Amino acid sequence: MAAKGSHHVPHPPRFPVEVWQNIFELATEVPYTLVPGLYEESDCIRNQHSALEAALATKRSLVLVCKQWQHMTMCYLYRIALIRTGLNLLALDHTLQNYAAGNGSFVGTRSPGHWTQRLDITLDLSDESKCEELDRCVKRLADVIGSLPKLEIVSFAIPASVVIMPFRVLDALRCSANSLRILDWSGRHFLPQVHQLEELLRDLPYLRVLHCHQLVWANGIIPSSILSSLTTLAVEDLVERVGHPGEGDLREACVSLREFILYGGRTTPQEFLIHYGKYLMVVKWYSTFSDCFGEALDLLNEYCPNLDRFTFRRHSLFSRCLPPMKTWSFPRISYLGAKLDVLDFRGLLQFLAHLMNTVPTLRVFQLICPRVVEELLEGCPRASALKDLNEIPFRVEDDRGNLLSDRLLRSHSTSGGTIRNHSGKW
């Protein structure tokens, strides 16, 4: 609805609007935070809040420059909405209600809710002093979500709360049913009941990425109505419940699933991999239970014949809890990512040698953790390290996707030319 407020749309600036838009985009963009970029980095959605808050501060500064800039930057200000406190929720709800009533900031402009593509909710519902009375807070949250009809990404990261996701909030998400692509419910709190989640997922026909704490199923099969569009599934635990209504056959099902992310769980999801492993091309195994790692590799080898990219998380490559490295049998993949807490250069070389002997298809090995990369480069001898990395037949990358050898060169003063690890970009 067009606003009927007293503020008219300001005249366009003399400088071309397209140029200003490009400047605003460069000043406020945070990579891999919107569709389609976030499809590739969906497991990092929870780690983006600090960068989004910094970008939001920049957007607010731009809006306050003048009326012309306020009008031009409104779409950037509301493109990503962050609800961290009760005051954030109240302000956003107030703005959306004003526009709905025709009392927005500018005449002839539609509600800024039509520009919102992503909504991140980190509201602390256990602290009533911050979000007023709980029922009113939940109602206001549902009203806000219902006023954002073009949401593509919704993330719930609500701190410890005994509140079960109210139906009115779930129903509000249906207002964005045709646009919603990524739904993040990977926290342990403010979760919907099992049947409510399944009903909601059936009403989201274009959902591509689902992160949830638990997914309940029966007979090892997830309803095909959920998996017909879903390409990425991230869970902490898969719960098989006796008597839960499930499906009995996958032969007629349309399965789009290509990526599976496991965050926890003391047992390996064998039944899931038996049914869906043949569809998977990407697996990210972030479970920290070391005694399951060898079993996980065996399952991937047996049930994931099309697997191309594998990322795993471990505290260390060498531990009493881990089986010897020589027993690790990685699938025939082209990319391997390692998210480690502790690593020295000698251990890295031993692991790379193992990969050279056992994974002939490997083209890229990447260290994911920035801190580990920094510590690794600080503690290794430069000359011998460059020589050893040059003998590796595949790319060895840092957390940014650059050659580790190039990063090593930049971290030390250099003189003369040096040999680099394979520079061919894959």
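This section describes the overall make-up, the sheet, the helix packing and the unusual backbone features of a predicted model.

The protein comprises 14 helices and 12 strands. Of its 426 residues, 51% count as buried. Among the contacts in the protein with a separation of 6 or more, 75% are accounted for by residues 24 or more positions apart.

The 12 strands form an open sheet, in which they follow one another in the order 1-2-3-4-5-6-7-8-9-10-11-12 with parallel pairing. The edges are occupied by strand 1 (80–83) and strand 12 (395–397), each of which has a single partner strand, so one side of each is left without a neighbour in the sheet. From one strand to the next, the twist averages 15 degrees.

At the edge formed by strand 1, the pairing with strand 2 is parallel and extends over four bridges. Within this pair, alanine 81 of strand 1 stands opposite leucine 119 in strand 2. In a regular strand the side chains alternate between the two faces of the sheet. In strand 1, Ile80 and Leu82 point one way, whereas Ala81 and Ile83 point the other way. All four of these residues are buried.

Strand 8 (residues 282–285) is described here together with its partners on either side. Strand 7 (residues 259–262) runs parallel to strand 8 and is joined to it by four bridges. Leucine 262 stands opposite tryptophan 285 in this pairing with strand 8. Strand 8 also pairs in the parallel sense with strand 9 (residues 309–314), again over four bridges, and valine 283 stands opposite phenylalanine 310 in strand 9. The side chains of Val282 and Lys284 point one way from strand 8, and those of Val283 and Trp285 the other way. All of these residues are buried, the charged Lys284 included.

Helix 5 provides a link between the sheet and the helices. The axes of helix 4 (residues 86–100) and helix 5 (residues 134–146) come within 10 Å and cross at roughly 50 degrees. The two helices are therefore oblique to each other, and their crossing is left-handed. On the side of helix 4, the residues that meet helix 5 are Leu89, Leu90, Leu92, Asp93 and Leu96. Their counterparts in helix 5 are Cys137, Arg140, Leu141, Asp143 and Val144. By class, this contact of helix 4 with helix 5 contains seven nonpolar and three charged residues, with no polar ones. Helix 5 also packs on the sheet, where it touches strand 1, strand 2 (118–121) and strand 3 (153–156). The direction of helix 5 makes about 165 degrees with that of strand 2.

A second helix pair is formed by helix 2 (residues 49–63) and helix 3 (residues 67–77), which pack at an angle of about 160 degrees with their axes 8 Å apart. This angle makes helix 2 roughly antiparallel to helix 3, as the cut-off for that class is over 145 degrees. The crossing of helix 2 and helix 3 is left-handed. Helix 2 contributes Leu56, Lys59, Arg60, Leu62 and Val63 to the contact, and helix 3 contributes Trp69, Gln70, Thr73, Tyr76 and Leu77. The residues of this contact of helix 2 with helix 3 divide into six nonpolar, two polar and two charged.

Helix 7 (residues 194–202) has Gln196, Leu197, Glu198, Leu200 and Leu201 as its buried residues. An α-helix has 3.6 residues a turn, so residues three or four places apart point the same way. The elements that cover the buried residues of helix 7 include helix 6 (167–173), strand 4 (182–185), strand 5 (209–217) and helix 8 (224–227).

Two backbone features occur in the loop between helix 1 (17–28) and helix 2. Most residues other than glycine have a negative phi, and most peptide bonds are trans. Tyrosine 32, however, has a positive phi of about 60 degrees although it is not a glycine. With a relative accessibility of 43%, tyrosine 32 counts as partly exposed, the limits of that class being 20% and 50%. In the loop that holds tyrosine 32, a cis peptide bond joins valine 35 and proline 36, with omega at about 10 degrees.

Note on methods:
Residues numbered from 1 in each chain as written. Predicted model: local features only at pLDDT ≥ 70, side-chain atom pairs only at ≥ 80, totals over all residues. Heavy atoms only, no water. Axes fitted to C-alpha atoms, helices over the stretch in contact; angles between N-to-C directions. Parallel < 35°, antiparallel > 145°, perpendicular 65-115°, else oblique. Left-handed = near helix turned anticlockwise from the far one by under 90°. Contact = heavy atoms within 4.5 Å. Pairing = 2+ DSSP bridges. Buried < 20%, exposed > 50% of the residue type's maximum accessible area, 1.4 Å probe, protein only.
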